[in-house]
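Good morning, and thank you for coming. I would like to take you through one protein chain, from its overall make-up to one patch on its surface.

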Amino acid sequence: MKFVQKKCVYPKSELEKGIEGTPIIQFIVQRNGIITDIRLYKSSDNILFDNEAIRIVKLLPKWIPGECKGEKVATVYYLPIRFRLK
């Protein structure tokens, strides 16, 4: 989450309007830890937030893959990215 917070750019126009949103991004962490098949699972109803969330997930470094019975397996993951004003 620190990586997401560091890389996230709150769309300026939405910041000025006081708009918030939470898109949910779906992706697969492959057996080698590489993230693939990135897609918007649930829209925030704001294209700017949705696009920024996808951009951030595309930047993510390798993850530790899931395991089942001691074997590394591809795992579907859902990541909500919250655009909230303080």
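Of the 86 residues of the chain, 31% count as buried, where buried means under 20% relative accessible area, exposed over 50%, and partly exposed in between, with a 1.4 Å probe and protein chains only. Please note that this is a predicted model: local features need pLDDT of at least 70, side-chain atom pairs count only at pLDDT 80 or more, and totals for chains, interfaces and linings use all residues. Residues are numbered from 1 along each chain as its sequence is written, and side-chain values use heavy atoms, leaving out hydrogens and water.

The chain has three helices and five strands; these are DSSP runs, helices being H or I of at least four residues and strands E of at least two, numbered from the N terminus.

How are the strands of the open sheet ordered? Three strands form it in the order β2-β1-β5, with antiparallel pairing; two strands pair if DSSP finds at least two bridges between them. Because β2 (35–42) and β5 (75–80) stand at the edges, each with a single partner strand, one side of each is left without a neighbour in the sheet. Strand β1, residues 24–29, pairs with β5 over six bridges. Within this pair, Ile-28 has Val-76 in β5 as its bridge partner.

Finally, consider Tyr-78, which lies in strand β5. Is this residue buried or partly exposed? Tyr-78 is partly exposed, its relative accessible area being 41%.
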